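Student: I should like to understand how the terms used for a protein structure are justified. May we take them one at a time?

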Amino acid sequence: MNFAGKVVLITGASSGIGAACAVRFAMASAKLSIVGRNIDNLKKVSEKCETVSGLKPLSISADITIYDEIQRIVTETIDYHGKIDVLVNNAGIALMAGIQDGVEPLDRIMETNIRGTYLLTQQVIPYIVFTRGNIVNVSSVLSTTPICTMMPYCMSKAALDSFTKCLAQELASKGVRVNAVNPGPVKTNFLTRAGLSNEQSEALFASFATNLPLKKVCEREDVAELIIFLASDNASCITGSCYIMDCGVSLGDGGKKCEM
Ligand SMILES: NC(=O)c1ccc[n+]([C@@H]2O[C@H](COP(=O)([O-])OP(=O)(O)OC[C@H]3O[C@@H](n4cnc5c(N)ncnc54)[C@H](OP(=O)(O)O)[C@@H]3O)[C@@H](O)[C@H]2O)c1
């Protein structure tokens, strides 16, 4: 896959899946705008990308819950690169919370995972329409597999899938594709940032690696590979699709009965 001359804007590129995605697009010679809040981490990702492609990404320190900062992401990208071909809406948060934990977790999660993503996309659409580009949203297998102790997070990703399909419908006639990737567990700092201790997170991932049907979890690079495929011309017939990559999470426990 070759993205030479293409401009790719990635949110949440300062760590985890977004950082792996930035490096993967750099390997394909894309010009990058990488967005996050942690400036030190953005700098490290930028250096990795530059080593790989020889192209220095535009690093934008911005919080997608703040409208002025969303506007700045777009104006800085256009001032620097002149266009946008691909938007990867990857920035997201989770909290270990259910309905009995008050409304604050719901508000915080929706503010980032939905409102911020919605507003940024709104700002980017005219540029993506101009380039007949495409959008990839980073959702989760939890959009369709409920975990009550992460209820607002699951709800936010269900909304993101719906956003993906509605937007795909709205933009199809303009030649713009919109898709989502729906990963299962991926070893990043995501769960510790959501409120688990390091020990709890380690134990959970060890148990996933033993108990999931494929006896492993996805690496962040695996998710990046699916994202770049969906963003590429190889996926020119795909729009409005939500691709699960979960090592079998959504197959449930029934598979155990089939193990020989
Ligand atoms: N890890 C998993 O198991 C898993 C599974 C399914 C889906 N996902 C999804 O994958 C995406 C990336 O998660 P990850 O696992 O890579 O976690 P991560 O390492 O915690 O990365 C989250 C990224 O989002 C950014 N971010 C969060 N809130 C932001 C805000 N308000 N403004 C700007 N940037 C913000 C963070 O930036 P800073 O660090 O700079 O603040 C960071 O770069 C999320 O959408 C998540 O829901 C993860």
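Tutor: Let us begin with Phe-205 and Phe-208, both of which are buried. The word has a fixed meaning: buried stands for a relative accessible area under 20%, exposed for one over 50%, and partly exposed for what lies in between, with a 1.4 Å probe and protein chains only. The model is predicted, so local features need pLDDT of at least 70 and side-chain atom pairs count only at pLDDT 80 or more, while totals for chains, interfaces and linings use all residues. Residues are numbered from 1 along each chain as its sequence is written, and side-chain values use heavy atoms, with hydrogens and water left out.

Student: What makes Phe-205 and Phe-208 an aromatic pair, and which kind of pair is it?

Tutor: Rings of Phe, Tyr and Trp (its six-membered ring) pair if their centres lie within 6.5 Å; planes under 30 degrees apart are stacked, over 60 edge-to-face, and the rest tilted. By this rule there are 4 aromatic pairs. In the pair Phe-205 and Phe-208 the centres are 5.6 Å apart and the planes meet at 85 degrees, which makes the pair edge-to-face.

Student: How do you know that Phe-205 and Phe-208 are about one helical turn apart?

Tutor: They are 3 residues apart in helix H7, which covers residues 198-211, and this spacing is about one helical turn. Helices (H or I, at least four residues) and strands (E, at least two) are DSSP runs, numbered from the N terminus.

Student: What makes Glu-225 and Arg-24 a salt bridge?

Tutor: A salt bridge requires a side-chain nitrogen of Lys or Arg within 4 Å of a carboxyl oxygen of Asp or Glu. The closest N and O atoms of Glu-225 and Arg-24 are 2.8 Å apart, so the pair qualifies. Glu-225 lies in helix H8 and Arg-24 in helix H1, so this pair ties together parts that are 201 residues apart in sequence.

Student: Why do Glu-225 and Arg-24 fall into their exposure classes?

Tutor: Glu-225 has 35% relative accessibility, a value between the two limits, and is therefore partly exposed. Arg-24 has 15%, below the lower limit, and is therefore buried.

Student: How many salt bridges does the whole structure hold, and what links Glu-69, Arg-72 and Glu-76?

Tutor: The search finds 6 salt bridges, and those three residues are linked in a network of them. Glu-69 and Arg-72 have their closest N and O atoms 3.9 Å apart, and Arg-72 and Glu-76 have theirs 3.2 Å apart; both values meet the salt bridge rule. Glu-69 and Arg-72 both lie in helix H3 (residues 67-81), 3 residues apart, while Arg-72 and Glu-76 are 4 residues apart in H3. Glu-69 at 22%, Arg-72 at 28% and Glu-76 at 27% are each partly exposed.

Student: Why is Ile-64 buried or exposed, and which residues does it touch?

Tutor: Ile-64 lies in the loop between S3 and H3. At 7% relative accessibility, Ile-64 is below the lower limit and therefore buried. Contact means heavy atoms within 4.5 Å; leaving aside residues up to four places away in sequence, Ile-64 touches Ile-70, Ile-73, Ala-91, Thr-112, Gly-116 and Thr-117. Ile-64 and Gly-12 are 52 residues apart in sequence, with their C-alpha atoms 9.4 Å apart.

Student: What places Gly-54 and Ile-99 in their exposure classes?

Tutor: Gly-54, in the loop between H2 and strand S3 (58-61), has a relative accessible area of 56% and is exposed. Ile-99, in the loop between strand S4 (86-89) and helix H4 (104-131), is exposed at 65%. Both values lie above the upper limit.
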